[in-house]
Amino acid sequence: MTDSHKMVRLTDPVTSKEAAYTLNATELETIVYNAIASCGKSGAIGEEVENLLPHLKQNSITPRFIRLKEKGLIVQDGTKRKSSSNRNQMVSWCAKIYHSD
C-alpha cells in the first residue's frame, strides 16, 4: 500500500492532506494497473488509461503510474507515443507482460 504521507507535500493545504489520508490508493493502483495490463503488449499511455477509466478523474489516475513503477508492477522503457493532442506520452506496460518474451 502507498503511504499517505507520500501523496502530499509539506506545503499542501490541510484539505489535500485530509484527502490523502482518506484515499484508498491501493484500490486506485489496482484499477490503473488492470487498465494498463488490458492493453497487452502494445502498452498504454496515460490518455489511453484515462479513456478506459472515464469514471475516474485524471488527477486520480496520473499519480498511480509513479507508484506502480516504484513497486515494479509496470515498466516504462523510454518509449513514447503521441496522444490525441499530438504530445508525446510515456508508454507503460504491465511488468509481467513486458518481461514475458
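Hi everyone, let's start in the middle of this one. The largest nonpolar core has 15 residues, and the members that touch the most others are Val32, Ile36, Val49, Leu53, Ile61 and Phe65. Helix 2, residues 25–38, and helix 4, residues 58–70, each supply at least two residues of that core. Which helix gives the most to this core? That is helix 2, with five residues. As general background, nonpolar side chains in soluble globular proteins tend to be buried together.

Before I go on, please keep in mind that this is a predicted model.

Let me step back for the overall layout. The protein chain has five helices and four strands. Reading from the N terminus, the order is α-α-α-α-β-β-β-β-α. The chain has 101 residues, and buried residues make up 35% of them. If you take the contacts between residues at least 6 apart in sequence, 50% of them join residues at least 24 apart.

Now back to the two helices I began with. In general, two packed helices are described by the angle between their axes and the distance between the axes. Here, the axes of helix 2 and helix 4 come within 9 Å and cross at roughly 85°. An angle from 65 to 115 degrees counts as roughly perpendicular, and helix 2 and helix 4 are therefore roughly perpendicular to each other.

Who meets whom across that crossing? From helix 2 we have Ala25, Leu28, Glu29, Val32, Tyr33 and Ile36, and they meet Ser60, Ile61, Arg64, Phe65, Arg67 and Leu68 of helix 4. Sorted by class, this contact has eight nonpolar residues, one polar and three charged.

Let's stay with helix 4 for a moment. Its buried residues include Ser60, Ile61, Arg64, Phe65, Arg67 and Leu68. What do the buried residues of helix 4 pack against? They pack against helix 2, helix 3 (residues 46–52) and strand 1 (residues 74–75).

Phenylalanine 65 is a nice one to click on. Setting aside neighbours within four places in sequence, phenylalanine 65 is in contact with Val32, Ile36, Gly46, Val49, Ile74, Gln76 and Ser92. Three of those names may sound familiar, as Val32, Ile36 and Val49 were also in the list I opened with.

Just after helix 4 comes glycine 72, with a positive phi of about 75°. There is another positive phi to look at, and this one is at a residue that is not a glycine: asparagine 86, at about 70°. For context, most residues other than glycine have a negative phi. Where does asparagine 86 sit? You'll find asparagine 86 in the loop between strand 2 (residues 80–82) and strand 3 (residues 88–90). Is asparagine 86 buried or exposed? With a relative accessible area of 54%, asparagine 86 is exposed.

Strand 2 also holds lysine 80, which counts as exposed at 52% relative accessibility. Leaving out neighbours within four places in sequence, lysine 80 is in contact with Asn88, Gln89, Met90 and Val91. You can also relate lysine 80 to isoleucine 45: they are 35 residues apart along the chain, and their C-alpha atoms are separated by 8.0 Å.

Next, the aromatics. How many aromatic pairs does a search of the whole structure find? One, and that pair is tryptophan 93 with tyrosine 98. The pair is tilted, at 5.2 Å centre to centre with 50° between the planes. Tryptophan 93 is buried, with a relative accessible area of 10%, whereas tyrosine 98 is partly exposed, at 30%.

Tryptophan 93 also gives us a way back to helix 2. Serine 38 is found in helix 2 and counts as exposed, at 53% relative accessibility. Serine 38 and tryptophan 93 are 55 residues apart along the chain, with 9.6 Å between their C-alpha atoms.

My last stop is serine 100, in the segment after helix 5, which covers residues 95–98. Serine 100 is partly exposed, with a relative accessible area of 46%. From serine 100 to lysine 41 is 59 residues in sequence and 9.4 Å in space, C-alpha to C-alpha.

If you remember one picture, make it helix 2 and helix 4, roughly perpendicular to each other, each supplying at least two residues of the largest nonpolar core. Thanks for listening!

Technical notes. Residues are numbered from 1 along each chain as its sequence is written. This is a predicted model: local features need pLDDT of at least 70, side-chain atom pairs count only at pLDDT 80 or more; totals for chains, interfaces and linings use all residues. Side-chain values use heavy atoms; hydrogens and water are left out. A nonpolar core is a set of buried Ala, Val, Leu, Ile, Met, Phe, Trp, Tyr and Cys residues joined through side-chain atoms within 4.5 Å. Buried means under 20% relative accessible area, exposed over 50%, partly exposed in between (1.4 Å probe, protein chains only). Contact means heavy atoms within 4.5 Å. Axes are lines fitted to C-alpha atoms, for helices over the stretch in contact, and angles run from 0 to 180 degrees between N-to-C directions. Angles under 35 degrees count as roughly parallel, over 145 as roughly antiparallel, 65 to 115 as roughly perpendicular and the rest as oblique. Ala, Val, Leu, Ile, Met, Phe, Trp, Tyr, Cys and Pro count as nonpolar, Asp, Glu, Lys and Arg as charged, and the others, Gly among them, as polar. Rings of Phe, Tyr and Trp (its six-membered ring) pair if their centres lie within 6.5 Å; planes under 30 degrees apart count as stacked, over 60 as edge-to-face and the rest as tilted.
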